[in-house]
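Good morning. I have one structure to go through today, and I will take it a piece at a time.

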Amino acid sequence: ASRGKTCSQVSLNWIICKGAVPIPGARTTSRYREYMGALGWRLTSEEVARLDQASEALPFDFEGAGFRFSNAKFVGYGVERWHLN
């Protein structure tokens, strides 16, 4: 609220700050404009940590939608794996 952003904008920016690319479904022009308000600014690391903490305290899991680090990704034809040297 201190930034004048909506919950959707903060949520999308949180996802971006965590290194993912959100793909929101905007069915109307007004929703598209709202979602675009998530761009051009960043949450601070403290704000991201507070949101992380709050999400961990929820009484349900984000099955399949969490931010887990992995050495693999789905590429359309299978799974590619990589290793850092």
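I will start with one residue, Gln9, which sits in helix H1. Please keep in mind that this is a predicted model. Is Gln9 buried or exposed? Its relative accessible area is 9%, and the cut-off for buried is under 20%, so Gln9 counts as buried. A polar atom of the Gln9 side chain lies 2.8 Å from the backbone oxygen of Glu34. Leaving aside residues up to four places away in sequence, Gln9 touches Gly4, Glu34, Gly37, Ala38 and Trp41.

Now move along the helix to Asn13. Helix H1 covers residues 7-17, and Asn13 is in it. The relative accessible area of Asn13 is 0%, so this residue is buried. What does the side chain of Asn13 reach? It reaches the backbone oxygen of Trp41, at 2.7 Å. The C-alpha atoms of Asn13 and Trp41 are 7.9 Å apart, while along the chain the two residues are separated by 28 positions. With residues up to four places away in sequence set aside, Asn13 touches Ala38, Trp41, Arg42 and Leu43.

Gln9 and Asn13 are on the list of buried residues in H1, along with Leu12 and Trp14. Which helices help to cover them? The cover includes helix H2, residues 29-36, and helix H3, residues 45-56. After H1 comes Gly19, which has a positive phi, near 95°.

One of the contacts of Asn13 deserves its own minute, and that is Arg42. Arg42 is placed in the loop between H2 and H3. Here the accessibility is another matter: Arg42 has a relative accessible area of 52%, and the cut-off for exposed is over 50%, so Arg42 counts as exposed. From C-alpha to C-alpha, Arg42 and Asn13 are 6.6 Å apart in space, and they are 29 residues apart in sequence. Besides Asn13, Arg42 touches Arg3, Ile16 and Cys17, again not counting residues up to four places away in sequence.

Let me step back to the whole chain. How many helices and strands does the protein chain have? There are 3 helices and 2 strands. In sequence order, the pattern is α-α-α-β-β. The chain has 85 residues, of which 16% are buried. If you take the contacts with a separation of 6 or more, 58% of them are between residues 24 or more positions apart. The pair of Asn13 and Trp41, 28 residues apart, is one you have already heard about.

Next, the surface. The chain exposes about 7100 Å², and 55% of that comes from carbon and sulfur atoms. Tyr32, Met36 and Leu39 make a nonpolar surface patch of about 300 Å². Of these residues, Tyr32 is in helix H2, and with a relative accessibility of 47% it counts as partly exposed.

Last, the charged pairs. Side chains of opposite charge can pair when their charged atoms come close. How many salt bridges are found in the whole structure? The search finds 3.

Take Arg3 and Glu47, whose closest N and O atoms are 2.6 Å apart. Arg3 is in the segment before H1 and Glu47 is in helix H3, so this salt bridge ties together parts that are 44 residues apart in sequence. Arg3 is partly exposed at 35% relative accessibility, and Glu47 is partly exposed at 21%.

Then there is Lys18 with Asp52, where the closest N and O atoms are 3.0 Å apart. This pair also links distant parts of the chain, with Lys18 in the loop between H1 and H2, and Asp52 in helix H3, 34 residues apart. Lys18 has a relative accessible area of 29% and is partly exposed; Asp52, at 24%, is partly exposed.

That leaves Arg31 and Glu34, whose side chains meet in a salt bridge at 2.9 Å, N to O. Both lie in helix H2, 3 residues apart, which is about one turn of the helix. Arg31 is partly exposed, at 39%. Why does Glu34 count as buried? Its relative accessible area is 17%, and buried means under 20%. Glu34 also brings us back to the start, with its backbone oxygen 2.8 Å from a polar side-chain atom of Gln9.

Note on methods:
Residues numbered from 1 in each chain as written. Predicted model: local features only at pLDDT ≥ 70, side-chain atom pairs only at ≥ 80, totals over all residues. Heavy atoms only, no water. Helix = DSSP H or I, 4+ residues; strand = E, 2+ residues; numbered from the N terminus. Buried < 20%, exposed > 50% of the residue type's maximum accessible area, 1.4 Å probe, protein only. Polar contact = N/O pair within 3.5 Å; in protein donor to acceptor, adjacent residues only side chain to side chain. Contact = heavy atoms within 4.5 Å. Areas by Shrake-Rupley, 256 points an atom, 1.4 Å probe, with all protein chains shown as cover. Patch = residues over 30% accessible without salt bridge, like charges linked within 9 Å, V, L, I, M, F, W, Y side chains within 5 Å. Salt bridge = Lys/Arg side-chain N within 4 Å of Asp/Glu carboxyl O.
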